[in-house]
Amino acid sequence: MMLDVQNLETWYGPIAAMKGVNLSVAEGRIVAVLGANGAGKTTLLNTLAGVIDPFKGKALFQGAEVQGLDADEVARRGLVLVPEGRHVYPFLSVRDNLMMGAYARKDRDAVARDIARVQEWFPRLKERDSQHAGLLSGGEQQMVAIARAYLSAPKLLMLDEPSLGLSPMLTTEIFGIIRRIRDETGTAVLVVEQNAAVALAHGDDGYIMELGRIVAADSCAALTRKEDIREAYLGGGGGYGLSGTAQRWKRRKTWR
Ligand SMILES: Nc1ncnc2c1ncn2[C@@H]1O[C@H](COP(=O)(O)OP(=O)(O)OP(=O)(O)O)[C@@H](O)[C@H]1O
């Protein structure tokens, strides 16, 4: 297993935001974690990325424990987070934003190759290469954030709500590119999403998180077939558009 999370638990003061989480990501897989607002998805990624220290439990990345390490060290080992909300350096050009991702790398030839790669995945970023990133649209800024993370040479890319605030078309485009990154480079992906339809459609394996706990785990295809999951997260008929939030009142504690 590339990432093996065992009984991970994170508290904010007196509040346990994540309890007894077990989860794994195999080489080259796209793993989706779904759940409504406040389920603990961001807490999970921030804990894995070294932004928050867990109270207990383990996170083994390529066989070594990474829980509690500094965020810099975790990223250096190849576990790289694209945080929620698109964080670009608004007054730097698109190119300089990308180069910020690669600042710690010594393999300059490979960096040049990776710049060419991300420009192929995101042609819009190539067109806007010399523009200030702050002038880009929300979707384009999300692309910069993902591309910058790729420039730091991740082995496992963690994405927090890439669809946030994006149109359905752009969301589909971004997920298509996430798959392409995986297909062409073998990078594994752990993606947290409220948009269950798109995440289940593009992911390989899926977890459902509620109130800080994992309540279901299966292949995305199998999760999509489960009637109660379709009802709560996919708007009944497996349709598109209804988020987990919209269906939250239907939330249940256990899943068949
Ligand atoms: N810094 C904090 N201090 C105290 N409580 C927090 C803090 N951050 C998050 N929480 C609480 O922890 C729980 C999990 O939050 P988290 O942000 O991980 O959920 P989420 O699933 O990512 O939700 P969203 O989709 O809204 O981002 C929530 O009850 C939230 O209110």
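# A tour from the ligand to the core

Begin at the ligand and select helix 1, because in this predicted model the largest share of the shell around the ligand, three residues, comes from that helix. Widen the selection to helix 1 (41-48) together with strand 2 (15-25), each of which supplies at least two residues of this shell. To show the whole surroundings of the ligand, select Tyr 12, Ile 15, Ala 17, Gly 35, Asn 37, Gly 38, Ala 39, Gly 40, Lys 41, Thr 42, Thr 43 and Gln 194. If you colour the shell around the ligand by class, you will find four nonpolar, seven polar and one charged residues.

Strand 2 leads on to the next stop, an open sheet of four strands whose order is 2-1-4-5, with antiparallel pairing. Strand 2 and strand 5 (64-65) are the edge strands of this sheet, and each of them pairs on one side only. Strands of a sheet pair through backbone hydrogen bonds, in either a parallel or an antiparallel sense. Now select strand 1 (residues 3-12) beside strand 2, and follow the seven bridges over which the two pair in the antiparallel sense. As a landmark here, pick out Leu 8, which stands opposite Val 21 in strand 2.

Next, move to helix 6 (residues 138-151), which contributes eight residues, the largest share, to the largest nonpolar core. That core has 75 residues, and those with the most contacts inside it are Ala 147 and Met 158. In soluble globular proteins, nonpolar side chains tend to be buried together.

Is helix 6 largely enclosed by the rest of the structure or largely open to its surroundings? Of its 14 residues, 12 are buried, so helix 6 is largely enclosed by the rest of the structure. The buried residues include Glu 140, Gln 141, Gln 142 and Arg 148, as well as Met 143, Val 144 and Ile 146. To see what the buried residues of helix 6 pack against, display strand 6 (79-82), helix 3 (94-101), helix 4 (108-121), helix 5 (123-127), strand 7 (156-160) and helix 7 (168-185).

Stay with Ala 147 and show its partners: leaving aside its neighbours within four places in sequence, Ala 147 is in contact with Leu 98, Val 118, Phe 122 and Leu 125.

Finally, trace helix 6 from end to end, where its 14 residues reach 20 Å from the first C-alpha to the last, close to the 20 Å expected at 1.5 Å a residue. Helix 6 is followed by Ala 153, whose phi is positive, near 60 degrees, and there the tour ends.

How values were computed:
Residues are numbered from 1 along each chain as its sequence is written. This is a predicted model: local features need pLDDT of at least 70, side-chain atom pairs count only at pLDDT 80 or more; totals for chains, interfaces and linings use all residues. A nonpolar core is a set of buried Ala, Val, Leu, Ile, Met, Phe, Trp, Tyr and Cys residues joined through C-beta atoms within 7 Å. A residue is buried if 20 or more other C-beta atoms lie within 10 Å of its own, exposed if 12 or fewer, and partly exposed in between; C-beta atoms are placed from the backbone. Two residues are in contact if their C-beta atoms, placed from the backbone, lie within 7 Å. A residue is near a molecule or strand if its C-beta atom, placed from the backbone, lies within 6 Å of it. Ala, Val, Leu, Ile, Met, Phe, Trp, Tyr, Cys and Pro count as nonpolar, Asp, Glu, Lys and Arg as charged, and the others, Gly among them, as polar. The expected span of a helix is 1.5 Å times one less than its number of residues. Two strands pair if DSSP finds at least two bridges between them.
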